[in-house]
Amino acid sequence: MRTSTPARVGQYTALLAYLAFLAFPFLWLVSTAFKPPRELGSLHPTWIPEDPTLANFRQAFDEQPLLHAALNSLLAALAAAVVAVLIATPMAYVVARRRSRLAKAVTGWVVVSQAFPFVLLIIPLFLVLKNLRLVNSVPGLVLVYVVWALPFALWMLAGYVRAVPPELEEAAAVDGAGRLRTLVSVTAPLLAPGIVATGLFAFITAWNEFFFALVLLKTPEKQTLPVVLTHFIGAEGVADLGPLAAAAFLATLPSLVVFAIIQRRITGGMLTGAVKS
């Protein structure tokens, strides 16, 4: 059924309005990052800075340890992404290939777990990390990020596994390969694009995460970049707007670059396996 012209115009109009709604905060952030203090306090703000400056970026690096915090975020995000992918890959293989009640229960649990709010999880996670003596440590934060990223990583990789023809695995079995050998030598190479996309998604999630890092990390030297950004807000709630916008802009760039790389893979992972051949 072909869509009528008025309906198509309405769809494109709604899409453009939605894109403008999403782009407004980032564009305003970029504009603010390059504005001098005089323009930041103006009663008639403009989109394009009249006198662009890099002073906000210099001030941001002078006031807060942004590079050290970025390194903490990088280490935590990379470790969480690698561990989550290593755990999720064999789990996704079992869920996708086994037509059992247990596999269906795992899939249902994955979907339900995404509805859990952070506040519901933070207390039991904090108690577990306290017993393991991992509170206020980057490894403890990595463990939390892995637990949080696993459900989506499992769901996404299961879609890629279903797209791999079972006949390839059957041929490997005829040649004498076991389940583990088949997964490592046959299935995993075909899953490489999906594994990379899933790992990058887990990286983005950990890089942008704020709540768990705020609760679990108390030592300033161990805090991640999103937590350090809150230091630009004073005790009375007054934000140092220019340096805050500059630091937030720099913290956003890695996520934008990574998401631009994997956005097609993410869509493919969600849709793969939904259509039967």
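## The overall picture

The chain has 13 helices and 0 strands. This is a predicted model, so please read everything below as a description of that prediction. Following the chain along its sequence, you will meet the pattern α-α-α-α-α-α-α-α-α-α-α-α-α. The C-alpha trace spans about 75 × 65 × 30 Å along its principal axes.

A good helix to find in the viewer is H7, which covers residues 138–163. We will come back to H7 in several of the sections below.

## How H7 meets H10

Let us start with H7 and helix H10, which runs over residues 192–208. How do these two helices lie relative to each other, parallel or antiparallel? Their axes come within 10 Å and cross at roughly 155°. Angles over 145 degrees count as roughly antiparallel, and therefore H7 and H10 are described as roughly antiparallel to each other. The crossing in which H7 passes H10 is right-handed.

You can pick out the residues that touch. On the H7 side they are Tyr145, Trp148, Ala149, Phe152, Ala153, Met156, Leu157 and Tyr160. On the H10 side they are Gly194, Ile195, Ala197, Thr198, Phe201, Ala202, Thr205 and Ala206. Sorted by class, the contact of H7 with H10 has 13 nonpolar residues, 3 polar ones and no charged ones.

## How H9 meets H10

H10 also packs against helix H9, made of residues 179–190. Here the axes come within 4 Å and cross at roughly 65°. That angle makes H9 roughly perpendicular to H10.

Which residues make this contact? From H9 come Ala188, Pro189 and Leu190, and they meet Ala192, Pro193 and Ile195 of H10. The contact of H9 with H10 has 6 nonpolar residues, with no polar and no charged ones. Ile195 of H10 is listed in this contact, and Ile195 is also listed in the contact of H10 with H7.

## How H4 meets H7

Helix H4, residues 66–97, is another partner of H7. These two helices pack at an angle of about 35°, and their axes are 6 Å apart. H4 passes H7 in a right-handed crossing. The contact of H4 with H7 contains 24 nonpolar, 1 polar and 2 charged residues.

## Empty spaces inside

Now for the gaps between the atoms. Rolling a probe the size of a water molecule over the atoms shows where empty space is left. In this structure there are 2 cavities of 30 Å³ or more.

The largest cavity holds about 60 Å³ of space. What lines the largest cavity? Its lining is formed by Val95, Thr107, Val110, Val111, Leu154, Trp155, Ala158 and Arg162. Helices H5 (101–113) and H7 each give at least two residues to this lining, and H7 gives the most, with 4 residues. By class, the lining of the largest cavity has 6 nonpolar residues, 1 polar and 1 charged.

The second largest cavity has a volume of about 30 Å³. Around the second largest cavity you will find Tyr145, Trp148, Ala149, Ala202, Thr205, Ala206 and Glu209. The elements giving two or more residues to this lining are H7 and H10. Its residues divide into 5 nonpolar, 1 polar and 1 charged. Some names may look familiar: Tyr145, Trp148 and Ala149 are among the H7 residues in contact with H10.

## A pocket along H7

The structure also has pockets, and the second largest pocket contains about 320 Å³ of space. How many residues line the second largest pocket? There are 17, and those nearest the centre of the pocket are Trp109, Ser113, Val147, Trp148 and Pro151. Trp148 is also listed in the lining of the second largest cavity.

Helices H5, H6 (118–131) and H7 each supply at least two residues of the pocket lining. Once again H7 gives the most, this time with 6 residues. The lining of the second largest pocket is made up of 15 nonpolar residues and 2 polar ones, with no charged residues.

How values were computed. Residues numbered from 1 in each chain as written. Predicted model: local features only at pLDDT ≥ 70, side-chain atom pairs only at ≥ 80, totals over all residues. Heavy atoms only, no water. 1 Å grid on protein atoms, 1.4 Å probe; cavity = no way out; pocket = protein on both sides within 12 Å on 5 of 7 lines; lining within 4 Å. Points joined across faces, edges and corners; volume = space filled by probe spheres on them. Nonpolar A, V, L, I, M, F, W, Y, C, P; charged D, E, K, R; others polar. Axes fitted to C-alpha atoms, helices over the stretch in contact; angles between N-to-C directions. Parallel < 35°, antiparallel > 145°, perpendicular 65-115°, else oblique. Left-handed = near helix turned anticlockwise from the far one by under 90°. Contact = heavy atoms within 4.5 Å.
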